[in-house]
Amino acid sequence: MAIYSTNEFKGGLKIMLDNDPCSIIENEFVKPGKGQAFNRVRIRNLKTGRVIERTFKSGDTVEGADVVDREMQYLYSDGEFWHFMVPDTFEQYQADKNAVAEAIKWLKEQDVCTMTLWNDSPLSVTPPNFVELVITETDPGLKGDTSGGGGKPATLETGAVVRVPLFVQIGELIKVDTRTGEYVSRVKE
Amino acid sequence: MTNGWQPLCSLEHLRHRAQMLAAIRQFFAQRQVLEVETPLLCHATGTDPQLDFFVSQYHAVPHSQTLYLQTSPEFAMKRLLAAGSGSIYQICKAFRNGESGRQHNPEFTILEWYRLGFDLQQLMDEVADLLQTLLADRHWRVSKISYRQIFADCTGLDALVFDRQQYAACAVSRGLAEADNLCGDDHALWLDFLFSHCVQPAQDAQTIWLIYHYPAIQSSLARLNSQDQRLAERFEVLIDGIELGNGFFELANAAEQEARFDAEIRYRRQHGLPAVSKDQHLLDALQAGLPDCSGIAIGVDRLLMIASRAAAISEVLAFPLGNA
């Protein structure tokens, strides 16, 4: 794997740190006029999602991480693993609970998502920013209430629960922002 | 055609720079300090292992000669001082290889000046006067504090007494566990690390910080304190955690200067850094006699960053490196 010097650090670069694959968020060059130069780097651990800060001596090197993002289709779950496929090549991958984490609650079978692979093994799954899902359960709404004020919980076909306006009914298709978990709008079919 | 040809900073920033340069010249004219120019391309340059320089080749067929872009105009200005120039100042470009970031551009503008007969305290007062003049739109508190004191205030450690366990424990308590591995048994490196991570970010706003009496291991080109050899006659001026410049009661002893050059050249060789020869002209000038003086170099671009509340140096440069 490639070796990177601190001079090559930039947002998005994938490196190994403490044996975990990480992504650089921000790299700040810190140098006293008379003294050692440092790079103060904000890094996201791609396994845990945690963001940490770490300082390197300028010019130090670290090993790159073999991390790639690929578009995949979610196929099914066998209870223990979740199975995905690369549409062009039909290559299949099985991801465990840690890898699919919260993302899976936004995905139904056949949906396309982004799979992050580390050394060709599933590391994490990112759903599309917006998904459209059918409401399977929610309290009956109040007739004529279109304000959306207050809202109520609604369970979606994937099992995810979001807050929706009072006028939205069971069986309706809605659009949700997966980054915030918030209702966006109803979708006309 | 792309938009790449256009300047990155606003016209307002260009005007601001012009005004600041005019104000600096007026400040020194009033104090009868002479403006000078010295070459940016020289046969020698500083040996400081922490500064990487640009090397160029001068072709005078059939010969070729190595010339260095100066990391600061210090050596040439000291030759003028030794020749009897009296107090002098210069505004020029300086070049430092590999330095690029939010507060760094490899080519930048320096204001450097030397005051005959000034000790460190007098120069600190003048620096505070100048900054208050140039940044007159705001009220500034001036805070003079010794390095040892501010270091202790921010870290609880004694900067003059190196105790790796204590230093490492402090770093760990600040979430900087990597420091021990990074700095090891290098006291000077620990000081650089802790100062930039724990002291600089902790400084009060709206304050001109003048931090004096650096530990002797960070003396650079300053004299050691005549009463306490653990201290160097060096200060740093900072605003909002941004380092603006380093001032020295200048080392005038040719033998000591040569010894410091030799030590740095040795360090460069041991660590595989680019070789450089010592500036014999400077040593000869010191031999002839440098009058007692204090001097400082201030980064003009960073001053403009503070004046215009810019977050990055690239905002105050017409064409920063990526666009030059």
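**Exercise 1. The meeting of two chains**

Chain B and chain A bury about 1800 Å² between them, and 53% of this lies on carbon and sulfur atoms. Work out which residues of chain B lose the most area to chain A, and how many residues each chain brings to the contact.

*Solution.* Keep in mind throughout that this is a predicted model.

Step 1. Look for the residues that lose the most area on the side of chain B: they are Q50(B), E178(B) and L182(B), and together they account for 26% of what that side buries.

Step 2. Now count the residues in contact: chain B gives 23 and chain A gives 17.

**Exercise 2. Charges and polar pairs across the interface**

Find how many salt bridges cross the interface of chain B and chain A, and which element gives the most to the side of chain B that touches chain A.

*Solution.* Step 1. The rule finds three salt bridges across this interface. To see a salt bridge with one partner in each chain, find R102(B) and E28(A), whose side chains meet at 2.7 Å, N to O.

Step 2. Next come the polar contacts: seven residue pairs link chain B and chain A in this way.

Step 3. Turn to the elements of chain B. Both α7 and β10 (242-249) supply at least two residues each to the side that touches chain A. With five residues, α7(B) gives the most.

**Exercise 3. A sheet and the helix across it**

Describe the order of the strands in the open sheet of chain A, and say which strands α7(B) lies across.

*Solution.* Step 1. The sheet has four strands in the order β2-β3-β4-β5, with antiparallel pairing.

Step 2. Find the edges: β2 (14-17) and β5 (51-57) of chain A each have a single partner strand, so each has one side without a neighbour in the sheet. From one strand to the next, the twist averages 45°.

Step 3. Zoom in on one pair. β2(A) and β3(A) (residues 20-30) run antiparallel and are joined by four bridges. Here you can spot L17(A) opposite D20(A) of β3(A).

Step 4. Bring in the helix of the other chain. α7(B) lies across β3, β4 (38-45) and β5 of chain A, and runs at about 60° to β4(A).

**Exercise 4. Two loop residues of chain B**

Decide whether Q200(B) is buried or exposed, do the same for E250(B), and find a polar partner for each side chain.

*Solution.* Step 1. Q200(B) sits in the loop between α7 (187-199) and β8 (207-215) of chain B. Its relative accessible area is 13%; the cut-off for buried is under 20%, so Q200(B) is buried.

Step 2. Check what surrounds Q200(B). Apart from neighbours within four places in sequence, Q200(B) is in contact with F195(B), L238(B), G241(B) and E243(B). A polar atom of the Q200(B) side chain lies 2.9 Å from the backbone oxygen of G241(B).

Step 3. Move on to E250(B), in the loop between β10 and α8 (254-270) of chain B. At a relative accessible area of 1%, E250(B) is buried.

Step 4. The side chain of E250(B) makes a polar contact of 2.8 Å with the side chain of K78(B). Leaving aside neighbours within four places in sequence, the residues in contact with E250(B) include E74(B), Y114(B) and R223(B).

**Exercise 5. Salt bridges within a chain**

How many salt bridges does the structure hold over all chains? Explain what the pair E91(A) and R70(A) ties together, then study a pair in chain B.

*Solution.* Step 1. The total over all chains is 32 salt bridges.

Step 2. The side chains of E91(A) and R70(A) form a salt bridge at 3.1 Å, N to O. E91(A) is in the loop between β8 (82-85) and β9 (92-95) of chain A, while R70(A) is in strand β7 (residues 67-77), so the pair ties together parts that are 21 residues apart in sequence.

Step 3. How open are these two? E91(A) is partly exposed at 31% relative accessible area, and R70(A) is partly exposed at 25%.

Step 4. In chain B, the side chains of R164(B) and D185(B) meet in a salt bridge (3.2 Å, N to O). R164(B) belongs to helix α5 (residues 164-173), and D185(B) to the loop between α6 (179-183) and α7 of chain B. R164(B) is partly exposed at 30%, whereas D185(B) is exposed at 61%.

Definitions and conventions:
Residues numbered from 1 in each chain as written. Chains lettered and ligands numbered in written order. Predicted model: local features only at pLDDT ≥ 70, side-chain atom pairs only at ≥ 80, totals over all residues. Heavy atoms only, no water. Buried < 20%, exposed > 50% of the residue type's maximum accessible area, 1.4 Å probe, protein only. Polar contact = N/O pair within 3.5 Å; in protein donor to acceptor, adjacent residues only side chain to side chain. Contact = heavy atoms within 4.5 Å. Pairing = 2+ DSSP bridges. Axes fitted to C-alpha atoms, helices over the stretch in contact; angles between N-to-C directions. Buried area = accessible area lost by both parts, 1.4 Å probe. Salt bridge = Lys/Arg side-chain N within 4 Å of Asp/Glu carboxyl O.
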